[in-house]
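This report is meant for someone meeting the structure for the first time. Please look over the sequence and the model before reading on.

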Amino acid sequence: MNRIFPTDPFSAYRQFFHLPSNTIYLDGNSLGLLPKAVADRLQYVIKEEWGVGLISSWNQAGWMELPQRVGAQIARLVGVEPADIVVGDSTSVNLFKCLGAAVQLRPQRRVILAETDNFSTDTYMAEGMAKLLGNGYQVRYLPPNTFDVRPYLDETVAVALLTHVHYKTAAKFDMKQVTQDVHDCGALMIWDLSHSTGAMPVQLAACQADFAVGCTYKYLNGGPGSPAFVYASPTIAEQTWQPLSGWLGHQAPFAFETHYRPNTAILRFIAGTPHILSLSALHESLKIWEQVDLDALREKSLALTDLFIQLLEQTCDGYGLEIVTPRSHEQRGSHVSVAFEHAYPVVQALIARGVIGDFRAPNIMRFGFAPLYVSFQDVVEAVAHLQDVLASHEYLAPQFQTRKSVT
Ligand SMILES: Cc1ncc(COP(=O)(O)O)c(C=O)c1O
């Protein structure tokens, strides 16, 4: 059947990425594709900047400013000023910095509001902070699938830590409303944007968010373990120390003063020596985003996930699948998750066919639609493979049953 697809304003972007042959890549929400320009850039950084420039590259190649320069590249994608965001460390570590900075600003309050089934690191970091603070500090958990946070807010809540788009279900909070609700009770707001950045426009400053963090190895294609970004609103940042007060967050690092004096605003969120190789790869990847129209990107993302859901409903009815991703556009991110009893082996059988998604325990098949490079034809072919795997019971084969350590 010849399908008429919506126009794809990003069809020219696919060529910027290395996509292995016979692969339908639906895991860009976990690890983005390799941009072709990155390999050359890394070669150059390794051979010339490191190999030849050696230590002078900290000055001459601008290594020291990479956290700010890469932050500035991300600024437009999350709706903040270029000077208010930096890149370095992991999302987990940046969460700790933001939590620590936030609790200092609300010293009379003893509760961190978190999500029961958020991505584990967010919850673990909140628990770690509460344990460190002691003195009756607690984490209060929103029940799963709670999008109205008001019943869980009161004068004891110091800070709310929420993930904008849920890693498992792709359900999305209303950032503006929730931030407003959190502020109305006098608390501060931290957003984890790991599953939003590069998938849709985000307006942190317009929503008056206090802090935000996010991964860069997903939709931003920074490469495995690429450093995360951290944002703090300039007024909030100026009022607080972040607890990982390393030397590069100091106002004069090379003065090696005895005592810490925080640098201005977001610069105090830099802790130690920047990861130059991975920052250079990310810097190169982010050049692709310079002209990307984020509203058009969101439109394509929704068209991709709409098509996937529609085809799934049309062709995979009767196999016991349950789509757990919200149908409403306002509440949906850029991946689609499907609950199924045999989720793990089905994902393995699909991977063996070149259709790459992933599995999240206990029973979720997750398919990500990175709008820059996933095509509508990919969606049609992926669903056809899924239908075939289910109908043929191919997933029951022994080689698909053994759990690998990364799922
Ligand atoms: C919501 C969310 N936060 C954080 C992380 C990862 O944090 P880190 O980069 O520190 O491993 C992920 C990873 O998938 C995530 O989904």
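The text below moves from the domains to the nonpolar cores, then to helix packing and to single residues.

**Domains**

The model shown here is predicted, and the protein in it is divided into domain 1, which covers 11-30 + 293-400, and domain 2, which covers 41-289. Between the C-alpha centres of domain 1 and domain 2 there is a distance of 29 Å, and the contact of the two takes 31 residues from domain 1 and 21 residues from domain 2.

**Nonpolar cores**

The largest nonpolar core has 96 residues, and those with the most contacts inside it are Trp191, Leu204 and Leu372. Helix α9, residues 294-315, supplies the largest share of this core, with 10 residues, while domain 1 and domain 2 each give it at least three residues. Apart from this core there is a second, separate one of 32 residues, which includes Leu161, Val213, Val230 and Ala237.

The surroundings of Leu372 can be given by name: leaving aside neighbours within four places in sequence, Leu372 is in contact with Phe10, Tyr13, Arg14, Phe17, Ile288, Trp289, Val292 and Leu297.

**Helices that pack on α8**

Helix α8 spans residues 276-286, and its axis comes within 10 Å of the axis of helix α3, residues 66-78, with a crossing of roughly 35 degrees. The crossing in which α3 passes α8 is left-handed. On the α3 side the contact is made by Leu66, Pro67, Arg69, Val70, Gln73, Ile74 and Leu77, and on the α8 side by Ile276, Leu279, Ser280, Leu282, His283 and Leu286.

Helix α1 also packs with α8, at an angle of about 140 degrees and with the axes 9 Å apart; the crossing of α1 and α8 is right-handed. From α1 the contact takes Ala37, Val38, Arg41, Leu42, Val45 and Ile46, and from α8 it takes Ile276, Leu277, Ser280, Ala281, His283, Glu284 and Ser285.

The table sets out both contacts by residue class.

| Helix contact | Nonpolar | Polar | Charged |
|---|---|---|---|
| α3 with α8 | 9 residues | 3 residues | 1 residue |
| α1 with α8 | 8 residues | 3 residues | 2 residues |

**Two residues in their settings**

Leu42 has its place in helix α1, which covers residues 36-50. Is Leu42 buried, partly exposed or exposed? Its relative accessible area is 23%, so Leu42 is partly exposed. When neighbours within four places in sequence are left aside, Leu42 is in contact with Leu277, Ser280 and Ala281. Leu42 and Ile276 are 234 residues apart along the chain, and their C-alpha atoms are separated by 9.9 Å.

Thr305 lies in helix α9, and because its relative accessible area is 0%, Thr305 is classed as buried. Not counting residues up to four places away in sequence, Thr305 touches Arg332, Gly333, Ser334, His335, Val336 and Phe369. How far apart in space are Thr305 and Asn263, C-alpha to C-alpha? Thr305 and Asn263 are 43 Å apart in space, with their positions 42 residues apart in sequence given as the separation along the chain.

Terms used: Residues numbered from 1 in each chain as written. Predicted model: local features only at pLDDT ≥ 70, side-chain atom pairs only at ≥ 80, totals over all residues. Heavy atoms only, no water. Axes fitted to C-alpha atoms, helices over the stretch in contact; angles between N-to-C directions. Helix = DSSP H or I, 4+ residues; strand = E, 2+ residues; numbered from the N terminus. Left-handed = near helix turned anticlockwise from the far one by under 90°. Contact = heavy atoms within 4.5 Å. Nonpolar A, V, L, I, M, F, W, Y, C, P; charged D, E, K, R; others polar. Core = buried A, V, L, I, M, F, W, Y, C linked by side-chain atoms within 4.5 Å. Buried < 20%, exposed > 50% of the residue type's maximum accessible area, 1.4 Å probe, protein only. Domains from an automatic or database assignment.
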